[in-house]
Amino acid sequence: GRSEIYLTVWGPEPPEVATLVVDYTRMGFTSLPHVTELVSDIRVQASKKGGKAVVTLPMEKNMTRILKLTK
């Protein structure tokens, strides 16, 4: 399977919480990926729901977050 994928999320105005639902098996992962946020190094945790990874992260005004998904 795949070893890493990067995703970007752009922060809305006003800031809110973003929830991503990632079909990680279709992306080539064989298990729930580890998620790291690369811009501000906040702690991000993926949870498994219905065979997909769900990631919820706080967003700041006009901010881009970069998520790295790895095995």
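**Entry 1: Leu32**

I looked up Leu32 first and asked whether this residue is buried, partly exposed or exposed. Its relative accessibility is 30%. Buried means under 20% and exposed means over 50%, so Leu32 counts as partly exposed. I keep in mind that this is a predicted model.

Next I checked where Leu32 sits. I found Leu32 in a loop, between strand 2 (17–22) and strand 3 (34–37).

Then I listed its contacts, leaving out residues up to four places away in sequence. Leu32 touches Tyr24, Ala46, Ser47, Lys48 and Ala53. I also took one distance. From C-alpha to C-alpha, Leu32 and Lys52 are 8.0 Å apart in space. In sequence they are 20 residues apart.

**Entry 2: the hairpin**

Ala46, Ser47 and Lys48 touch Leu32, and strand 4 covers residues 46–49. I followed that strand. Strand 4 pairs with strand 5 (residues 52–58). The sense is antiparallel, and I noted four bridges.

Which residues face each other here? Ala46 stands opposite Val55 in strand 5. Lys48 has Ala53 in strand 5 as its bridge partner. I noted that Leu32 touches both Lys48 and Ala53.

The two strands form a hairpin, with two residues between them. I looked at the turn and found Gly50 there, with a positive phi of about 60 degrees.

**Entry 3: the sheet**

I moved out to the sheet. It is open and has three strands, in the order 2-5-4. The pairing is antiparallel. Why do strand 2 and strand 4 each have one side without a neighbour in the sheet? They stand at the edges, and each has a single partner strand, so one side of each is left free of a neighbour. I also noted the twist, which averages 30 degrees from one strand to the next.

**Entry 4: the largest pocket**

Last, I looked for empty space. Rolling a probe the size of a water molecule over the atoms shows where such space is left. The largest pocket has a volume of about 160 Å³.

I read through its lining and met Leu32 again, along with Ala46. Other lining residues include Pro33, Asp41, Ile42 and Arg43. Which strand gives the most to the lining? Strand 3 does, with four residues. I then sorted the lining by class. Six residues are nonpolar, three are polar and three are charged.

Key. Residues are numbered from 1 along each chain as its sequence is written. This is a predicted model: local features need pLDDT of at least 70, side-chain atom pairs count only at pLDDT 80 or more; totals for chains, interfaces and linings use all residues. Side-chain values use heavy atoms; hydrogens and water are left out. Two strands pair if DSSP finds at least two bridges between them. Buried means under 20% relative accessible area, exposed over 50%, partly exposed in between (1.4 Å probe, protein chains only). Contact means heavy atoms within 4.5 Å. On a 1 Å grid over the protein atoms alone, a cavity is a set of points where a 1.4 Å probe fits but cannot get out, and a pocket is an open set with protein on both sides within 12 Å along at least five of seven lines; lining residues have an atom within 4 Å of a point. Grid points are joined across faces, edges and corners, and a volume is the space filled by probe spheres set on the points. Ala, Val, Leu, Ile, Met, Phe, Trp, Tyr, Cys and Pro count as nonpolar, Asp, Glu, Lys and Arg as charged, and the others, Gly among them, as polar. Axes are lines fitted to C-alpha atoms, for helices over the stretch in contact, and angles run from 0 to 180 degrees between N-to-C directions.
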